[in-house]
Amino acid sequence: MALTPQKDFREPILLAIGQMGGSAPKPDVLRRVEELLTTPLTEDDERVLRSRDEATWRNRASWERNAMKDHGLLKADTPGLWTLTEQGWAEFRRLAAPHP
């Protein structure tokens with residue numbers, strides 16, 4: 001089974017939320033993440049999990065969001081709303097900066 005590694009969703013999540021002003025509902029973030037991914041999703045990523053009725057990649061991105069909360073990049077205060085912390089904003093600015 002070829003799945004995109006969970007950690008590969010971190011940068012697109014940070015970029016998506018930052019581009020949306022620092023906070024956005026999960027469905028909006030995931031739509032933008034899908035656009036920002038640098039490698040195409042695999043068939044296994046697109047497979048729907050019966051237990052969750054969502055694509056595997058969306059579930060894995062949600063798990064990465066939990067890891068990002070644990071690392072202080074996202075807030076954990078409002079269910080369904082993904083929000084950058086100050087540390088998350090700093091990481092967004094680093095990622096969004098032009099690279100020489």
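## Helix α1 and residue D44

The side chains of D44 and R47 are joined by a polar contact of 2.5 Å. The model is predicted. This briefing covers D44, then helix α1 and its contact with α5.

**Residue D44**

- D44 lies in helix α3, which spans residues 43-46.
- The relative accessibility of D44 is 14%, and buried means under 20%, so D44 counts as buried.

**Helix α1 and its surroundings**

- Helix α1 covers residues 10-19, and 7 of its 10 residues are buried, so this helix is largely enclosed by the rest of the structure.
- The buried residues of α1 are P12, I13, L14, L15, A16, I17 and G18.
- These buried residues pack against two strands, β1 (23-25) and β4 (81-83), and against the helices α2 (26-36), α4 (56-70) and α5 (86-96).
- G21 follows just after α1 and has a positive phi of about 95°.

**How α1 meets α5**

- Two packed helices are described by the angle between their axes and the distance between the axes.
- For α1 and α5, the axes come within 9 Å and cross at roughly 100°.
- Angles of 65 to 115 degrees count as roughly perpendicular, and α1 and α5 are therefore roughly perpendicular to each other.
- On the α1 side, the residues in this contact are E11, L14, L15, G18 and Q19.
- On the α5 side, they are G88, W89, E91, F92, R94, L95 and A96.
- Sorted by class, the contact of α1 with α5 has 6 nonpolar, 3 polar and 3 charged residues.

Definitions and conventions:
Residues are numbered from 1 along each chain as its sequence is written. This is a predicted model: local features need pLDDT of at least 70, side-chain atom pairs count only at pLDDT 80 or more; totals for chains, interfaces and linings use all residues. Side-chain values use heavy atoms; hydrogens and water are left out. Helices (H or I, at least four residues) and strands (E, at least two) are DSSP runs, numbered from the N terminus. Buried means under 20% relative accessible area, exposed over 50%, partly exposed in between (1.4 Å probe, protein chains only). A polar contact is a pair of N or O atoms within 3.5 Å; within protein, one must be able to donate a hydrogen and the other to accept it, and residues adjacent in sequence count only if both atoms are side-chain atoms. Contact means heavy atoms within 4.5 Å. Axes are lines fitted to C-alpha atoms, for helices over the stretch in contact, and angles run from 0 to 180 degrees between N-to-C directions. Angles under 35 degrees count as roughly parallel, over 145 as roughly antiparallel, 65 to 115 as roughly perpendicular and the rest as oblique. Ala, Val, Leu, Ile, Met, Phe, Trp, Tyr, Cys and Pro count as nonpolar, Asp, Glu, Lys and Arg as charged, and the others, Gly among them, as polar.
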